[in-house]
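Below is a short note for a colleague who has not seen this structure before. Please read the points with the model open beside them.

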Amino acid sequence: MSTFARFPPALKELRIHVSQTAAGSKGVRDFVLNHYAAIKTANPSLPILVREAANVEARVFGRYAQGVERKIVLENLDEASVAKKIRDIVETAPSMAQG
């Protein structure tokens, strides 16, 4: 299901926070395991950071132009739902981040 293509230039960084062991992060761990390589291949110059820490809330941050950030919580989502939320954060850059 790795259908991720080149991300828009408005996105400057994608940061994923995940717990190595918490059940609420399982969908995010599965997503990273199954999709990270394809996303990075399609976006080689985009910083994609996966931050692992014990018992953190699973979430993704998109950083856009002018330092604007957007966060979506991924806690207790399955892999397909995580993929949809990450597509949302990639495709819906805040209006002030355009340009």
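1. Start with the lining of the largest cavity. The residues around this space are Leu14, Ile16, Phe31, Val32, Tyr36, Ile39, Ile48 and Ile86. The model is a predicted one, and the cavity is a computed feature of it. About 40 Å³ of space lies inside. A search of the whole structure for cavities of 30 Å³ or more finds one.

2. Which element gives the largest share of that lining? Helix α1 does, with four residues. Both β1 and α1 supply at least two lining residues each.

3. Helix α1 covers residues 26–42, which is 17 residues. At 1.5 Å a residue the helix should span 24 Å, and because its end C-alpha atoms are 24 Å apart, the expected and modelled values agree. The helix also has a bend of about 55°, placed at histidine 35.

4. Five residues of α1 are buried: Gly27, Val28, Phe31, His35 and Ile39. An α-helix has 3.6 residues a turn, so residues three or four places apart point the same way. What do the buried residues of α1 pack against? Their partners are β1 (11–18), β2 (48–52) and α2 (79–91). Phe31 and Ile39 belong to this buried set and are also among the residues that line the largest cavity. His35, where the helix bends, is another of the buried residues.

5. Asparagine 34 also sits in helix α1. Is asparagine 34 buried, partly exposed or exposed? With a relative accessible area of 43%, asparagine 34 is partly exposed, because the partly exposed class runs between 20% and 50%. Leucine 46 is 12 residues from asparagine 34 in sequence, and their C-alpha atoms are 18 Å apart in space.

6. Strand β1 is mostly covered, with seven of its eight residues buried. β1 pairs with two strands. It runs antiparallel to β3, and six bridges join them; in this pair, glutamate 13 stands opposite arginine 63 of β3. β1 runs parallel to β2, and five bridges join those two; here valine 18 faces glutamate 52 of β2.

7. Strand β3 (residues 59–64) has a further pairing, with β4 (residues 69–73), in the antiparallel sense and over five bridges. Valine 60 is placed opposite isoleucine 72 of β4. The two strands make a hairpin, and four residues lie between them.

8. Where is glutamine 66 found? It lies in the loop between β3 and β4, which is the turn of the hairpin. Its phi is near 60°, a positive value in a residue other than glycine. Glutamine 66 has a relative accessible area of 64%, so it counts as exposed, the cut-off being over 50%.

9. Asparagine 76 is worth checking next. Its place is the loop between β4 and α2. Phi is positive here too, near 65°, and asparagine 76 is not a glycine. Asparagine 76 counts as exposed because its relative accessible area is 61%, against a cut-off of over 50%.

10. To go over the model once more, begin at the largest cavity, to which α1 gives four lining residues. Then follow β1 to its antiparallel partner β3 and its parallel partner β2. End at the two loop residues with positive phi, glutamine 66 and asparagine 76.

Notes. Residues numbered from 1 in each chain as written. Predicted model: local features only at pLDDT ≥ 70, side-chain atom pairs only at ≥ 80, totals over all residues. Heavy atoms only, no water. Expected span 1.5 Å × (residues − 1). Bend = angle between axes of the 7 residues up to and from the residue. Buried < 20%, exposed > 50% of the residue type's maximum accessible area, 1.4 Å probe, protein only. Contact = heavy atoms within 4.5 Å. Pairing = 2+ DSSP bridges. 1 Å grid on protein atoms, 1.4 Å probe; cavity = no way out; pocket = protein on both sides within 12 Å on 5 of 7 lines; lining within 4 Å. Points joined across faces, edges and corners; volume = space filled by probe spheres on them.
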